[in-house]
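Colleague: Could you take me through one part of this model in detail? I'd like a close look at a single loop and whatever it connects to.

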Amino acid sequence: MFSSFRRLCLLALSLTFVFLVEAKSSTGDSVLVVVDPKRQDSYSLFFDDLKDRGYDLTYRSPKAETPLVIEDDVANFAHVIVLSAAKNYGKDLTPQTVVELLNQKTNVLVALSPSQTALTSLASEFSLILPPPGSPLISYFPKRDEPPTLIPISVPAKSSPVLSKPIAPVWFSGVPQSLGLNPFIVPILKAPAESFAGELPSQGGSAEALVEATEKGGEGLWAGSSLGVVTGFQTANGGRITWLGGADMLTDELFQKQLPDGSKPGNADFAREVTAWTFQESLVLRIDKVEHHLVNATEPKEQYTINDNIEFAAYISKWNPKKGTWDPCACRKDIQLEFTMLDPFIRTALPPVPGQPGKYATTFRAPDRHGVYKFIVDYKRKGWSFLKSSTTVPVVPPRHDGYPRFLSAAWPYYIGAISTSVAFFLFSAIWLAGDAREAKKSKGSKAE
């Protein structure tokens with residue numbers, strides 16, 4: 001009996017540990033991994049971490065055609081990881097396929113390579129400009145025994161909303177990206193200030209070429225912290241894609257390789273944070289419902305009257321990957337509400353309501369111009385999933401019996417009308433009375 005009780009306790013503890021460790025994506029747990037079978041074991045620690053977090057991994061070689069990425073115009077997986085830098089992939093894995101996956105809110109993680117690949121040309125569609133082929137990121141600082149293409153990169157605190165905690169420097173080997181001005185880009189990790197992209201001296205590169213590029217500036221210079229090595233992108237409909245400058249930063253070797261100062265690298269923690277954002281575990285919001293009604297009322301109206309005092313409320317929740325549930329969220333302080341008719345007539349803050357988690361509400365007075373308006377919540381912040389809500393409602397003039405009997409602003413007109421009427425009455429009375437006296441005088445003179 002004691003042994004059975006002990007087994008039950010151990011089972012409960014193990015289940016508790018599983019629930020504490022496992023994290024769930026808001027869009028699904030199926031993952032397709034495109035990787036060279038010869039290098040699959042090199043990423044065992046990375047894959048094991050994904051499995052421990054509850055993901056179901058399916059492996060496929062780059063040139064294989066099964067399992068299909070998209071079948072009957074429907075994505076077969078919730079997430080896709082491309083770690084192989086092959087020149088050619090299967091027929092169903094093309095740049096157009098990646099775009100279609102994002103349109104279906106399937107998240108993608110792509111590892112780039114200094115060599116030209118089938119997906120390299122797709123980076124420019126996401127406002128990422130890659131250096132010429134064969135130009136890896138190079139840095140000779142800090143002084144170390146490793147080659148200059150294997151670089152320890154510091155991860156500044158709060159450098160990106162994707163990174164939720166401090167992370168030790170990470171090992172990186174790959175190609176940088178020059179970031180465009182697209183507002184959907186989410187920078188995650190920048191290149192060191194002293195680094196540059198170019199050919200190694202052993203491969204034909206020279207210091208003179210770098211100096212010449214520095215003097216010219218422009219596209220010929222690939223250097224400095226303006227370059228990104230890991231960059232995210234979130235589409236307008238909510239799909240996420242992350243571009244890794246190199247797949248080597250996910251290998252077991254760099255997960256365990258000590259930094260120049262002898263400390264443990266942050267590659268494992270960094271990979272966990274990046275995949276959590278890419279697979280929509282973190283920074284995921286949604287609007288559950290919206291409400292609008294008159295102040296001090298509870299039922300919504302089909303239409304409002306000009307100058308009505310209106311109360312609008314939105315209920316927002318945040319995905320909890322530990323529980324796999326949507327929890328009320330009061331963490332955003334910069335949400336706005338627009339009341340628009342073509343152009344915004346009213347733009348006001350939509351703050352969280354104290355004591356009511358997840359509820360954001362505000363009150364305002366309807367414009368004094370009738371028409372068809374929209375309540376619009378359009379929230380876009382880097383790293384966070386976008387919130388979009390639009391509710392149409394007409395605003396009409398008051399009915400004929402909806403106006404007050406007397407208007408305070410019209411008293412000058414009332415006084416003018418009354419004074420005119422009194423003056424006309426007095427004038428008529430005086431005029432008529434004057435005619436009567438003249439008639440009496442004329443009769444008296446004739447009698448004499």
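Modeller: Sure, let's take the loop between helix 6 and strand 16, and start with glutamine 280, which sits in that loop. Bear in mind that this is a predicted model. Glutamine 280 has a positive phi of about 60 degrees, although it is not a glycine. Its relative accessible area is 7%, so glutamine 280 counts as buried, the cut-off being under 20%.

Next along the chain comes glutamate 281, and this is where the loop reaches across the fold. The side chain of glutamate 281 meets that of arginine 53 in a salt bridge, at 2.9 Å from N to O. The pair ties together distant parts of the chain: glutamate 281 is in the loop between helix 6 (267-278) and strand 16 (285-294), arginine 53 is in the loop between helix 2 (44-52) and strand 2 (56-60), and the two are 228 residues apart. Arginine 53 and glutamate 281 are both buried.

Now step back into helix 6 itself. Arginine 272 forms a salt bridge with aspartate 269, and the closest N and O atoms are 3.0 Å apart. Here the partners are 3 residues apart, about one turn of the helix, and both lie in helix 6. Arginine 272 has a relative accessible area of 29%, so it is classed as partly exposed. Aspartate 269, at 28% relative accessibility, is partly exposed too. The two pairs turn out to belong together: salt bridges that share partners join Asp49, Arg53, Asp269, Arg272 and Glu281 into one network. So if you're looking at the loop on screen, bring up those side chains along with it. For the wider count, a search of the whole structure finds 13 salt bridges. One of the pairs outside this network is arginine 347 with glutamate 338, whose side chains meet at 2.9 Å, N to O.

On the far side of strand 16 there's a useful contrast with glutamine 280. Asparagine 296 lies in the loop between strand 16 and strand 17 (304-305). Asparagine 296 also has a positive phi, of about 70 degrees, and is likewise not a glycine. Its surroundings are another matter: asparagine 296 has a relative accessible area of 79% and is therefore exposed, whereas glutamine 280 is buried.

While we're on backbone geometry, there are cis peptide bonds to check as well. The bond from threonine 66 to proline 67 is cis, with omega near -5 degrees, and proline 67 lies in the loop between strand 2 and strand 3. Strand 2 is the one that follows the loop holding arginine 53, which brings us back to the salt bridge with glutamate 281. The bond from phenylalanine 141 to proline 142 is cis too, again with omega near -5 degrees. Proline 142 is in the loop between strand 8 (137-138) and strand 9.

Terms used:
Residues are numbered from 1 along each chain as its sequence is written. This is a predicted model: local features need pLDDT of at least 70, side-chain atom pairs count only at pLDDT 80 or more; totals for chains, interfaces and linings use all residues. Side-chain values use heavy atoms; hydrogens and water are left out. A salt bridge is a side-chain nitrogen of Lys or Arg within 4 Å of a carboxyl oxygen of Asp or Glu. Helices (H or I, at least four residues) and strands (E, at least two) are DSSP runs, numbered from the N terminus. Buried means under 20% relative accessible area, exposed over 50%, partly exposed in between (1.4 Å probe, protein chains only).
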